[in-house]
Amino acid sequence: MLKYLHIENIAVIEKSDIEFYNGFCVLSGETGAGKSIIIDALNAVLGERTSKSLIRGGEKKAVVTALFSNLNSVATAALEELDYPPDEEGNILIKRVISADGNSTVKINGQPATAAVLREISAYLVNIHGQHDNQTLLNNDTHYKFVDKVADNTAVLEKYLNEFNRYRSINNEIKKLTVDDDTKNRKIELLKYQINEITAATITPGETEALERKSEIFRNYDKLVRNISNAFSFLDGGEEDGAVALINNAKSAVSAADSKEFSQIAERLASLEIEADDIRNELQRFISGFEYDPEEIDKTEKRLAFLHELYSKYGKSEAATLEFLETATNELENITFSDKRIAELEVELDACTERLVKCGDELTASRKKAALDFERRVCDVLKFLDMPQVKFVVDINKGKYTKIGCDIIEFLISANAGEEPKPLSKIASGGELSRIMLAIKSILADKDEIDTLIFDEIDTGISGRAAQKVGYQLKKVAENKQVICVTHLAQIAAKADNHLYIEKNTVDGRTVTQISPLDFEGRKVELARIIGGEITEQNLISAQEMLLNTNI
């Protein structure tokens with residue numbers, strides 16, 4: 001659950017520390033006081049994309065910190081899998097800093113993290129429902145997700161997806177091999193030409209590099225031979241003592257000293273003599289073995305020019321050209337024997353299609369079974385939420401085979417007696433959408449392992465008795481989850497276990513927002529304000545009755 005939230009320099013919030021508790025918590029306050037800013041701050045600390053415009057004017061950075069405690073086993077396992085395990089007390093502390101230069105940094109229990117990792121982790125911690133989520137109900141392409149959650153059919157869906165991917169892979173290979181005879185013959189001729197041209201070049205791996213070294217030696221022959229010869233002379237000495245002989249003399253002199261103190265130096269000089277002698281011999285072999293041959297130079301340069309021209313056509317390098325040869329050879333073989341391969345693939349495709357249809361039927365069956373229970377439970381909640389004549393239908397029809405199955409799923413609703421259910425997008429009002437989403441969220445709350453649900457303005461478009469029942473429903477969900485709700489309605493706020501008041505003031509000429517927990521008397525005053533705008537005696541009496549009334 002969300003235990004603590006620290007907000008610093010986010011919009012009009014200069015600095016605020018908010019403590020949350022189990023159960024049902026509401027946040028209320030006058031319009032513009034900063035309720036939406038708290039949701040923005042939560043979204044930021046949960047990894048959503050942020051903007052430097054969030055930062056309070058004149059400040060260099062904004063900071064949001066969230067502490068989550070009492071994590072369930074699923075969340076704990078997921079965090080450990082991502083290498084961000086909870087601390088010894090089972091807590092996880094997330095801190096996000098947003099800089100005015102547009103950058104942001106994330107730390108999870110003190111460890112650096114990315115926003116992408118943070119989003120993945122947050123998926124196990126919090127579910128935020130805002131007005132945007134209501135719009136997903138109007139898009140029937142998303143409806144299958146709700147049904148699948150109720151169906152708990154992940155294994156069936158994965159099995160289907162494996163077969164679908166295999167089917168698509170085989171089908172794509174068949175399409176690739178299936179070409180008309182003219183196209184096929186042109187492709188064969190081109191591949192044969194390319195293969196013959198590269199093969200005729202008889203490229204030996206490493207040949208180009210060896211030729212380039214040889215060419216460089218030829219181009220620098222005079223300078224190279226002169227300097228190598230000088231180096232040899234310095235080591236060999238000729239008629240005079242060279243470096244090898246001088247090192248030998250030094251070794252003999254140190255050895256003649258017959259002193260243990262210098263024995264190691266004598267050994268080092270002996271090693272140095274061996275190394276110097278080896279270098280002298282290697283230089284001598286180069287000088288005696290390398291001849292300046294104009295014909296060889298011409299042959300080397302022509303071979304290099306030929307190879308580089310070939311490489312310019314097939315990959316810019318020796319390795320890329322040889323790889324092209326291998327690919328072209330394989331492609332020619334596949335095309336040459338394509339009819340046989342197509343026949344093999346078609347047999348495999350038939351078998352895969354049969355398995356795909358079977359898996360699709362299993363998936364459809366799981367959805368239809370879940371849909372019946374889902375319809376009943378959504379209707380039960382909606383009737384409680386003051387929609388007594390409601391009919392909610394999960395319409396499932398056969399469609400094309402795609403990665404999500406072969407079902408076209410759409411939610412239909414009739415809010416009034418005698419009317420046939422129609423698509424949500426055709427008839428649902430804002431208030432109805434809010435209640436439908438609350439009903440669905442209530443049902444799915446038992447299906448996921450997320451402990452904290454946040455509702456931002458779930459009360460859109462509702463009032464009166466419906467609002468009161470929404471409050472009861474939220475409180476019911478809060479029996480097993482932590483529920484945090486931003487609301488404008490007294491009927492909902494009155495049902496909360498905890499109430500936070502958000503107010504805007506002017507301090508030293510600047511607007512600041514403050515968040516304070518309310519006791520019973522404070523809640524009564526706030527409810528009176530919500531009820532009538534003005535805190536009158538009658539409004540206070542009504543507020544107290546709402547707080548004390550536990551009946552529906």
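In this predicted model, helices α8 and α12 are oblique to each other. Their axes come within 10 Å and cross at roughly 135 degrees. The 135 degrees between α8 and α12 falls short of the roughly antiparallel class, which takes angles over 145. Helix α8 covers residues 207–219, and helix α12 covers residues 294–314. The crossing of α8 past α12 is left-handed. On the α8 side, the contact is formed by Glu207, Thr208, Leu211, Glu212, Lys214, Ser215, Phe218 and Arg219. On the α12 side, the residues are Glu296, Ile297, Thr300, Glu301, Arg303, Leu304, Leu307, His308 and Tyr311. By class, this contact of α8 with α12 holds 7 charged, 6 nonpolar and 4 polar residues.

Helix α16 takes part in two further packings, with α14 and with α5. Helix α16 spans residues 430–444. It packs with α14 at an angle of about 125 degrees, and the two axes lie 9 Å apart. That angle makes α14 oblique to α16. Here the crossing is right-handed. Helix α14 contributes Phe374, Arg377, Val378, Val381 and Leu382 to the contact. Helix α16 contributes Arg435, Ile436, Ala439, Ile440 and Ile443. The contact of α14 with α16 has 8 nonpolar residues, 2 charged residues and no polar ones.

The packing of α16 with α5 follows another geometry. Helix α5 comprises residues 143–151. Its axis lies 10 Å from that of α16, at an angle of about 30 degrees. Angles under 35 degrees count as roughly parallel, and α5 and α16 are therefore roughly parallel to each other. Their crossing is left-handed. Phe146, Lys149 and Val150 of α5 meet Met437, Ile440, Ile443 and Leu444 of α16. Of the residues in the contact of α5 with α16, 6 are nonpolar, 1 is charged and none is polar. Ile440 and Ile443 of α16 appear in the contact with α14 and also in the contact with α5.

Empty space was examined next. Rolling a probe the size of a water molecule over the atoms shows where such space is left. The search of the whole structure returns 1 cavity of 30 Å³ or more. The largest cavity has a volume of about 50 Å³. Its lining consists of Met1, Phe68, Leu71, Asn72, Ala75, Tyr124, Leu125, Glu449, Asp451 and Thr452. This lining divides into 6 nonpolar, 2 polar and 2 charged residues. The charged residues are Glu449 and Asp451. The polar ones are Asn72 and Thr452.

The second largest pocket encloses about 320 Å³ of space. A total of 14 residues line this pocket. Lys176, Leu177, Glu331, Asn334 and Ile335 lie nearest its centre. Four helices each supply at least two residues of the lining: α6 (154–177), α7 (181–200), α13 (318–336) and α14 (338–384). Helix α13 gives the most, with 5 residues. By class, the lining of the second largest pocket has 6 charged, 5 polar and 3 nonpolar residues. Helix α14 thus supplies residues to this pocket lining, and α14 also packs with α16.

How values were computed
Residues numbered from 1 in each chain as written. Predicted model: local features only at pLDDT ≥ 70, side-chain atom pairs only at ≥ 80, totals over all residues. Heavy atoms only, no water. 1 Å grid on protein atoms, 1.4 Å probe; cavity = no way out; pocket = protein on both sides within 12 Å on 5 of 7 lines; lining within 4 Å. Points joined across faces, edges and corners; volume = space filled by probe spheres on them. Axes fitted to C-alpha atoms, helices over the stretch in contact; angles between N-to-C directions. Parallel < 35°, antiparallel > 145°, perpendicular 65-115°, else oblique. Left-handed = near helix turned anticlockwise from the far one by under 90°. Contact = heavy atoms within 4.5 Å.
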